[in-house]
Every structure is written in structure tokens, then in C-alpha cells.
Number of protein chains: 2
Amino acid sequence: MNQTLDILKRSGLSVTEGRREILNLFIQSEGALAHADIESNTKISFDRVTVYRTLQTFVENGIIHQIPTTDNTILYALCKDKCGSGHHHDEHVHFICNDCEKTICLDDVIVPSVKFPEGFHPLQSAMVVKGICSDCIKN
Amino acid sequence: MNQTLDILKRSGLSVTEGRREILNLFIQSEGALAHADIESNTKISFDRVTVYRTLQTFVENGIIHQIPTTDNTILYALCKDKCGSGHHHDEHVHFICNDCEKTICLDDVIVPSVKFPEGFHPLQSAMVVKGICSDCIKN
DNA sequence: AACTATTTGCAACAATATTGCAAATATACT
DNA sequence: AGTATATTTGCAATATTGTTGCAAATAGTT
Ligand SMILES: [Mn+2]
Ligand SMILES: [Mn+2]
Ligand SMILES: [Zn+2]
Ligand SMILES: [Zn+2]
């Protein structure tokens with residue numbers, strides 16, 4: 001049984017063409033994807049609404065996670081850890097390359113914990129770093 | 001000379017009613033502001049377009065900085081350090097309260113540096129933490 | 001194969017963002 | 001203070017992005 005099917009079944013989601021293709025896109029893709037990337041990169045064209053709903057479903061089921069940006073988009077990337085419904089625990093650093101514009105999950109770079117002032121109770125942390133990625137530094 | 005005027009002049013920006021009022025809003029406001037907050041909280045109502053352009057100008061001149069989010073909004077907050085044109089250096093942690101929904105600049109909590117894999121050259125880091133803020137923890 | 005629960009596409013709508021251009025305003029200069 | 005010049009603003013038109021209800025289509029179940 002292939003990976004795509006595997007992931008969908010494990011989450012108890014019914015297997016549809018849209019979910020299969022979108023999930024595949026994430027599996028094959030190196031970097032994170034925005035809604036717009038998905039719309040333009042799927043062979044079969046799905047309705048925009050389906051893409052929105054599929055992404056939402058995947059996030060809710062711990063299949064993909066969101067990456068915050070400062071440009072009115074949300075990026076999504078495959079969860080590699082064993083995230084479940086509502087339980088995301090991929091607190092890794094995300095790297096945005098200024099050159100190739102790719103956003104990469106640095107799965108092995110854990111977001112460090114910091115000391116907060118009295119009274120602040122942190123629950124989830126996100127860290128996004130901009131710079132030059134390892135591919136682009138060569139050129 | 002008041003603070004608002006001071007900031008605008010120091011950046012070499014011409015002083016207009018829109019810029020004065022929007023900058024004032026930032027100075028008075030506790031937390032970060034989204035575009036929508038600005039539209040609804042300014043007494044005199046400016047065109048949406050003016051708000052967009054004003055925010056952009058302020059960011060470019062190091063008057064305000066952006067805070068990434070995962071909900072298709074960009075938050076903006078006053079720069080407290082001496083940022084200039086294109087040179088932002090407010091690498092502090094941002095705290096989003098799940099309760100009161102405010103986003104607070106923790107100016108004294110510096111984003112820690114992390115060790116990146118070979119070839120990755122970080123330039124700017126952002127860290128956003130969700131949780132319960134010091135005001136809300138009391139209730 | 002038939003039944004049921006879920007998902008999809010469509011349509012309509014709402015919200016958000018971008019651009020060109022002429023009118024209004026701010027600053028610089030005399 | 002008055003005029004010239006540079007900058008900013010509002011408007012209109014357009015584009016992009018996101019949401020909702022509902023009927024048709026499809027997937028899982030028996
Ligand atoms: Mn990631
Ligand atoms: Mn800040
Ligand atoms: Zn790169
Ligand atoms: Zn709070």
C-alpha cells in the first residue's frame with residue numbers, strides 16, 4: 001500500500017481523488033506549499049473550495065502543519081512527526097530562502113525554549129528564519 | 001515637539017493627517033495591530049488604499065515591523081529599537097494570547113540563535129509564541 | 001447492488017489587496 | 001505669504017482570496 005493511501009487511512013479519512021492528489025503534491029514537494037501553489041500544480045483541476053476544505057481537513061488531522069508568514073499567505077508542509085487530530089508537535093524551525101523563495105522544514109532544528117516574563121504561559125512556539133538556503137549558497 | 005511628529009520627521013516623511021493618526025494609534029495601542037484594526041479604530045476614515053500605503057511606508061522606514069501569523073493577516077507593531085530604512089533589528093519574541101487575542105512584543109525577550117545545518121545562512125529570525133498572557137492568567 | 005454518510009462543485013457572496021490617474025496637499029523656494 | 005514642485009491621497013476599476021448553502025456525485029458499508 002502506498003504512502004498516500006496509508007496516511008489517509010490512518011487518519012480515518014475517506015480516500016478521494018482530490019485528497020490523494022493534494023497529499024501527493026506535499027509528499028513530492030521539497031518545500032512548503034501555499035494554497036496558490038496547490039491550485040496551479042494539480043493536474044486535475046479541483047474547485048478552489050475543495051482545496052480550502054482539503055487543507056483544513058489535513059491540518060485538523062495532523063497530516064500537514066501551517067507556517068506563519070508576513071505576506072498574507074499561509075504555507076503548509078507535511079508533518080513528519082506523529083501528529084494527530086488537534087495534536088501537532090512539530091516544533092521545528094522553518095527556513096525561508098530569500099533567493100529561491102522555498103520554505104523548508106528543518107525537522108532536526110528544534111525551536112529553542114526561551115525564558116518569559118512573569119505570568120506568560122507559552123503553549124506553542126513557531127520560529128521562521130529568512131536567509132540563504134544550502135542549495136543557493138553554492139551559486 | 002511630540003513623539004509622532006518626531007518619528008515622521010526623523011524618517012524624512014512628509015507629515016500628513018493619515019500618517020499622524022495611524023502612527024498615533026500604534027503609539028497608544030498596547031498590542032500589535034492588523035490592517036482591519038486600523039481601519040476601524042481611526043476616527044477620521046481614510047481610504048483602505050491609504051492605510052495599505054501608509055503601513056508599507058512605515059515598514060520600509062523602520063517605524064513599524066511585521067509579525068507573521070497563520071491566519072492570513074499581517075500584524076504590525078511599533079519598532080522600539082532604532083530601525084531605519086530597510087534595517088530592522090527588533091529580533092524579539094512575539095506573544096499571542098489565546099484568551100484576549102492580543103499580540104504583544106516582548107521587547108526584552110530576544111530570539112535565541114540556533115545551530116543550522118551546513119550551508120544555511122540565516123539573516124533574520126522571527127519567533128511567535130501562543131499561550132496565555134500575564135493579564136489573562138490572573139482570571 | 002443498494003443504502004447511507006461524506007465529499008464535491010457550483011453559485012453567490014464577502015473580504016482583502018493592487019493599480020493608474022487626477023485632485024489635493026505638503027514641502028521647498030522666492 | 002505666495003508660488004512652484006514633489007508627494008500623497010481618494011476614487012474607480014480590477015484582481016485575488018476566502019466563506020457558505022445546497023444539490024449532485026462519490027466513497028464506505030451492509
Ligand atoms: Mn515544518
Ligand atoms: Mn515586535
Ligand atoms: Zn534557496
Ligand atoms: Zn491575554
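Is H65(A) buried or exposed? H65(A) comes out at 4% relative accessibility, and the cut-off for buried is under 20%, so H65(A) counts as buried. Keep in mind that this is a predicted model.

Staying with that residue, H65(A) sits in strand β2 of chain A, residues 64-67. Its side chain has a polar contact with the side chain of H92(A) at 3.3 Å, and H65(A) also makes one with the side chain of H94(A), at 3.2 Å.

Now the metal site in chain B. The manganese ion, ligand 2, takes its protein donors from H65(B), H92(B) and H94(B), each through NE2, and from C105(B) through SG. These donors lie 2.0 to 2.3 Å from the ion. Along the sequence, the spacing of the donor residues reads H-x26-H-x1-H-x10-C. H94(B) belongs to strand β4, residues 92-97, and C105(B) to strand β5, residues 103-110, so this pair ties together parts of chain B that are 11 residues apart in sequence. H94(B) is buried at 5% relative accessibility, and C105(B) is buried at 14%.

Next, the interface. Chain B and chain A each put 40 residues into the contact. Between them they bury about 3,100 Å², with 68% of that on carbon and sulfur atoms. On the chain B side, T70(B), N72(B) and F120(B) lose the most area to chain A, together 18% of what that side buries.

As for specific pairs, there are zero salt bridges across the interface of chain B and chain A, but nine residue pairs are in polar contact. Elements giving two or more residues to the chain B side are β2, β4, β5 and β6. β6(B) gives the most, with 12 residues. By class, that side of chain B has 24 nonpolar, 12 polar and four charged residues.

Note on methods: Residues numbered from 1 in each chain as written. Chains lettered and ligands numbered in written order. Predicted model: local features only at pLDDT ≥ 70, side-chain atom pairs only at ≥ 80, totals over all residues. Heavy atoms only, no water. Donors = N, O, S within 2.8 Å, 3.2 Å for Na, K, Ca; no water. Helix = DSSP H or I, 4+ residues; strand = E, 2+ residues; numbered from the N terminus. Buried < 20%, exposed > 50% of the residue type's maximum accessible area, 1.4 Å probe, protein only. Polar contact = N/O pair within 3.5 Å; in protein donor to acceptor, adjacent residues only side chain to side chain. Contact = heavy atoms within 4.5 Å. Buried area = accessible area lost by both parts, 1.4 Å probe. Salt bridge = Lys/Arg side-chain N within 4 Å of Asp/Glu carboxyl O. Nonpolar A, V, L, I, M, F, W, Y, C, P; charged D, E, K, R; others polar.
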